[in-house]
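Student: I am new to this structure and would be grateful for a close look at a single part of it. Please show how that part is connected to its surroundings, with the reasoning set out in order.

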Amino acid sequence: MATVAPGELAGKHLVLGLTGGIACYKIAELTRLLTKAGATVQVVMTDAATQFITPVTMQALSGRPVYTSQWDARIANNMPHIDLSREADAIVIAPASTDFLARLAHGMADDLLSTLCIARDCPLLVVPAMNRQMWQNPATQRNVAQLRADGVEVLGPDSGPQACGEVGDGRMLEPEATYEAIASFFHPKLLAGRRLLLTAGPTFEPLDPVRGITNRSSGKMGFSLARAAQQAGAEVHLIAGPVALDTPWGVYREDVQTAQQMHDAVMRAVADCDVFIGVAAVADWRVDHASPQKIKKTADKPMPTFTFVENPDILAAVAKLAHPPFCVGFAAESGDLELHGEEKRVRKNVPLLIGNLGPLTFGLDDNEVVLFEASGATKLPRADKRALAGTLIAEIAKRLPDTSLIR
Ligand code: C5P
């Protein structure tokens with residue numbers, strides 16, 4: 001599942017400013033992600049940026065003419081420095097070079113892009129990209145601190161190998177991470193200051209060192225909820241069973257295999273969280289004694305038999321704590337959801353249980369759910385899991401008791 005939620009930036013107009021640096025190659029992909037999410041992208045480039053990637057490429061990807069000069073006569077009133085950002089929801093400078101950050105911090109306006117930034121009436125986001133020594137230089141650090149103090153959002157930089165062959169801080173965030181940071185910037189911070197813990201994916205219960213029992217949960221719903229909660233401003237701790245998914249940007253992830261490990265990880269982390277969402281499809285049973293050696297198939301021995309013991313119910317255990325967080329459960333039922341959903345909510349003693357309608361949710365990109373709570377059941381329309389996750393996080397935020405603010 002691609003990261004970009006379809007239409008999540010629909011109606012947003014961005015000015016994307018490129019300055020001179022090898023990371024310009026990443027902006028082709030960033031532009032594709034932004035337009036795929038529904039944003040319109042107006043590219044503006046400094047002279048130095050055009051040495052690294054051509055305006056032709058950027059025009060083809062953004063579908064709009066690219067501007068590089070403040071003397072460009074294509075704008076009717078000859079004021080591109082005012083007109084280009086007039087409708088913008090934000091200006092994003094990516095990559096932002098050492099020199100451009102310095103010029104911004106000092107309010108200089110000697111080319112089209114710097115003049116656009118000074119004349120703006122919208123948020124400014126910068127995505128630095130430079131060699132580690134340039135990033136660490138006290139002058140750069142001073143400039144970045146000044147920009148932050150001026151209300152500029154600084155996204156990154158990343159750490160790792162650099163084009164110059166050195167390793168350290170200063171790399172531009174990868175295009176996907178830059179996209180995530182921009183998308184997150186635009187989301188209402190409904191969970192600002194809240195800590196959210198959630199489980200996702202299946203668990204794996206070993207029979208022997210190579211075999212085990214698991215289920216078809218892909219983790220997509222849980223990972224989408226983790227992403228949506230991060231975008232809503234929460235500090236997110238995701239405890240994941242074995243899944244093949246990338247960690248959502250800005251989310252702290254812990255991987256586990258078995259239900260018991262998931263239970264123990266949750267109990268270690270739950271003390272200071274405001275919300276717990278049990279999205280994982282936790283195995284109800286495990287084999288009493290998993291074989292330490294691979295069980296061999298031999299002609300003279302009978303087929304193996306297994307005895308099972310019950311796994312801890314993580315959600316019920318969290319709900320039973322003396323000071324539980326706001327607990328949300330998930331339930332996948334193969335029939336009679338209305339009946340089982342409310343019964344399960346009451347049995348697990350949680351204020352909100354989200355039931356998947358029908359068995360057709362595991363592994364799919366979309367889902368249809370019903371919210372069960374003491375006041376009744378509410379059905380939500382079928383939607384893409386990434387978009388649905390945003391709706392569910394908003395529903396959870398609405399229901400949070402004020403007391404969780406002082407927990
Ligand atoms: O499997 P079941 O339908 O009971 O799952 C309902 C909810 O309980 C889900 O939120 C799931 O994450 C949670 N659960 C759990 N520990 C278990 C079984 C289920 O936390 N052992």
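Tutor: Helices and strands here are runs assigned by DSSP, a helix having at least four residues and a strand at least two, and they are numbered from the N terminus. The model itself is predicted. With these terms, Gly 151 can be placed in the loop between α8 (138-149) and β5 (153-154). Gly 151 counts as exposed, since its relative accessibility is 55% and the cut-off for that class is over 50%. Its C-alpha atom is separated by 73 Å from that of Lys 301, which lies 150 residues away along the chain.

The part chosen for the close look is a sheet. It is open and has 8 strands, in the order β12-β11-β8-β13-β16-β17-β19-β20, and its pairing is mixed. At the edges stand β12 (252-255) and β20 (376-379); each has a single partner strand, so one side of each is left without a neighbour in the sheet. On average, and with direction ignored, neighbouring strands are turned by 15° against each other. Helix α14 (residues 385-399) packs on this sheet and touches β8, β13 (275-278), β16 (326-332), β17 (352-356) and β19. The direction of α14 makes about 10° with that of β19.

In general, the strands of a sheet pair through backbone hydrogen bonds, and the pairing is either parallel or antiparallel. Strand β19 (residues 369-373) runs antiparallel to β20, and 4 bridges join the two. Within this pair, Leu 371 stands opposite Thr 378 of β20. The two strands form a hairpin, with 2 residues between them.

Salt bridges add links at this sheet. Glu 368 forms one with Arg 382, and the closest N and O atoms are 3.3 Å apart. This pair links distant parts of the chain, 14 residues apart: Glu 368 is in the loop between β18 (366-367) and β19, while Arg 382 is in the loop between β20 and β21 (383-384). Glu 368 is buried, as its relative accessible area is 16%, whereas Arg 382 is partly exposed at 38%. Another salt bridge joins the side chains of Glu 235 and Arg 195, at 3.3 Å from N to O. Glu 235 belongs to strand β11 (residues 235-240) and Arg 195 to strand β8, so this pair ties together parts that are 40 residues apart in sequence. Arg 195 counts as partly exposed, with 34% relative accessibility.

The loop that follows β8 also deserves attention. Thr 203 is found between β8 (195-200) and β9 (205-206). Its relative accessible area is 0%, and Thr 203 is therefore buried. Leaving aside residues up to four places away in sequence, Thr 203 touches several others, including Ile 213, Pro 242, Gln 257, Met 262 and Ala 283. The side chain of Thr 203 reaches the backbone nitrogen of Ala 283 at 3.0 Å.

The cysteines complete the account, for a search of the whole structure finds 0 disulfides. The sulfur of Cys 122 has its closest cysteine sulfur, that of Cys 117, at 8.6 Å, which is too far for a bond. For Cys 164 the closest is in Cys 24, at 16 Å, and this distance is also too far. Cys 122 is buried at 11% relative accessibility, and Cys 164 is partly exposed at 48%.

Methods. Residues are numbered from 1 along each chain as its sequence is written. This is a predicted model: local features need pLDDT of at least 70, side-chain atom pairs count only at pLDDT 80 or more; totals for chains, interfaces and linings use all residues. Side-chain values use heavy atoms; hydrogens and water are left out. A disulfide is a pair of cysteine sulfur atoms within 2.5 Å. Buried means under 20% relative accessible area, exposed over 50%, partly exposed in between (1.4 Å probe, protein chains only). A polar contact is a pair of N or O atoms within 3.5 Å; within protein, one must be able to donate a hydrogen and the other to accept it, and residues adjacent in sequence count only if both atoms are side-chain atoms. Contact means heavy atoms within 4.5 Å. Two strands pair if DSSP finds at least two bridges between them. Axes are lines fitted to C-alpha atoms, for helices over the stretch in contact, and angles run from 0 to 180 degrees between N-to-C directions. A salt bridge is a side-chain nitrogen of Lys or Arg within 4 Å of a carboxyl oxygen of Asp or Glu.
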